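Subject: Structure for you to look at

Hello,

Here is the structure I promised to hand over. Please open it and keep it in view while you read on.

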Amino acid sequence: MQRLLIRGGRRLEGEVSIAGAKNAALPELCAALLTDEPVRLHNVPQLQDVATMLRLIANMGVQAERVGGTTVQIDAAALTTPEAPYELVKTMRASVLALGPLLARFGEATVSLPGGCAIGSRPVDQHIKGLQAMGAQIDVEHGYMLARLPRGRSRLHGARIVTDMVTVTGTENLMMAATLAEGETLLENAAQEPEVVDLAEMLIAMGARIEGHGTSRIRIQGVDRLHGCVHTVVPDRIEAGTFLCAAAATGGDIRLRDARGEHLDAVIEKLRDAGAEVACGPGWIHLRSQGRMRAQSFRTTEYPGFPTDMQAQFMALNCIAEGAAKVTETIFENRFMHVNELVRLGARIQIDGKVALIEGVPRLSGATVMATDLRASASLVIAGLVADGETLVERIYHLDRGYDRMEVKLRALGADIERIS
């Protein structure tokens with residue numbers, strides 16, 4: 001099993017490119033199932049989750065392959081098996097995104113209930129509820145969602161759908177399904193994340209009729225068929241935010257290429273409040289950090305609020321900042337699993353339900369720590385970069401699910417970090 005060995009104490013400095021967003025690439029690979037014409041996606045990150053999704057759709061009979069470093073070609077004309085089996089779904093919750101496109105195009109789908117990071121309950125009931133409102137018959141049996149259209153119907157029908165909560169994958173699944181439904185679908189309480197907007201723009205390029213993406217109300221007018229397209233995946237705002245936190249923690253000076261600051265407003269404001277200088281322009285973000293940062297309290301919430309996917313990384317920054325801070329997690333009930341590992345490095349953190357109280361310390365001390373989920377992995381890497389001595393991060397397969405060659409990029413910025421067996 002591979003691990004990361006980090007020798008802390010080095011300042012990050014230089015330029016690094018940000019990869020395409022995992023959380024946009026995964027639904028966009030599923031969107032290619034909606035058409036029998038070829039789809040080409042650029043800026044697709046080289047991640048474990050992306051590789052799993054490519055295997056998943058290839059297992060259905062889809063031709064899916066990388067034709068360049070970050071370019072993927074998908075041709076679902078010969079799709080023969082509208083099924084996502086447990087063996088491929090168990091490691092990645094985003095596999096549920098195949099449900100809507102398969103049902104909309106073929107009138108049936110068999111998709112395993114998903115797995116993924118153990119950071120709390122992320123139920124698929126909102127997906128099921130929305131598709132049922134569009135006329136689908138869905139049964140859950142033996143760990144699978146069995147979806148089909150009623151006898152005599154060849155298409156889903158439009159509906160007004162109000163989800164009980166803001167759900168990103170739910171919004172994406174229902175939006176994709178609605179593109180081929182009869183009539184109009186109105187998604188209320190829709191997610192507004194940049195990844196949802198990027199998916200909508202891809203679907204529009206395929207011939208879909210969508211309005212209101214980026215707001216809480218998305219209107220979709222169904223069409224008879226979609227065609228192929230060429231689309232470039234939006235940059236990964238969470239990878240960008242992770243590198244910004246790492247640079248701020250190490251007193252660094254870095255410039256991110258292929259990054260969009262407008263997608264990170266809440267994080268950037270907190271970094272500025274902490275004492276970092278942050279400037280943004282078309283396709284770049286520059287951060288300069290001098291001296292010890294000031295601890296910042298924040299509360300995670302749906303976009304455009306502070307993202308739950310940045311909570312662990314900013315907590316690592318707070319651990320060595322001046323003062324104390326309170327972090328409130330409102331999205332997932334089990335997303336403080338990284339706290340015990342940060343404490344092993346010398347952090348002072350107390351947990352009270354959904355609230356973490358952090359008292360900054362002047363320095364952390366290297367130790368062996370274990371990653372528990374994707375973003376927790378990143379927080380341990382940041383802590384290791386500033387800790388005295390050596391830090392060994394185990395179970396980094398979590399990290400590889402969402403970061404494209406993170407240790408290579410950090411080394412290019414001056415970090416002393418290596419992947420070892």
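Below are notes on a pair of helices and then on a sheet.

One caution before you start: this is a predicted model.

**The helix pair**

Start with helix H4, residues 99-106, and helix H6, residues 168-178. Their axes come within 8 Å. They cross at roughly 15 degrees. Angles under 35 degrees count as roughly parallel, so H4 is roughly parallel to H6. The crossing of H4 past H6 is right-handed.

Which residues make the contact? From H4 they are Leu99, Gly100, Pro101 and Ala104. From H6 they are Asn173, Met176 and Ala177. Sorted by class, five of the residues in this contact are nonpolar and two are polar. None is charged.

**The sheet**

Now move to the sheet. It is open and has four strands. Their order is S4-S5-S3-S14, and the pairing is mixed. On average, neighbouring strands here are turned by 15 degrees against each other, with direction ignored.

Which strands stand at the edges? They are S4 (63-66) and S14 (230-232). Each has a single partner strand, so one side of each is left without a neighbour in the sheet.

Look at S4 again. Its link to S5, residues 72-75, consists of four bridges. S4 and S5 run antiparallel. Find Ala64 on your screen: it stands opposite Ile74 in S5.

Best wishes

Technical notes. Residues are numbered from 1 along each chain as its sequence is written. This is a predicted model: local features need pLDDT of at least 70, side-chain atom pairs count only at pLDDT 80 or more; totals for chains, interfaces and linings use all residues. Side-chain values use heavy atoms; hydrogens and water are left out. Axes are lines fitted to C-alpha atoms, for helices over the stretch in contact, and angles run from 0 to 180 degrees between N-to-C directions. Helices (H or I, at least four residues) and strands (E, at least two) are DSSP runs, numbered from the N terminus. Angles under 35 degrees count as roughly parallel, over 145 as roughly antiparallel, 65 to 115 as roughly perpendicular and the rest as oblique. A crossing is left-handed if the near helix is turned anticlockwise from the far one by less than a right angle, and right-handed if clockwise. Contact means heavy atoms within 4.5 Å. Ala, Val, Leu, Ile, Met, Phe, Trp, Tyr, Cys and Pro count as nonpolar, Asp, Glu, Lys and Arg as charged, and the others, Gly among them, as polar. Two strands pair if DSSP finds at least two bridges between them.
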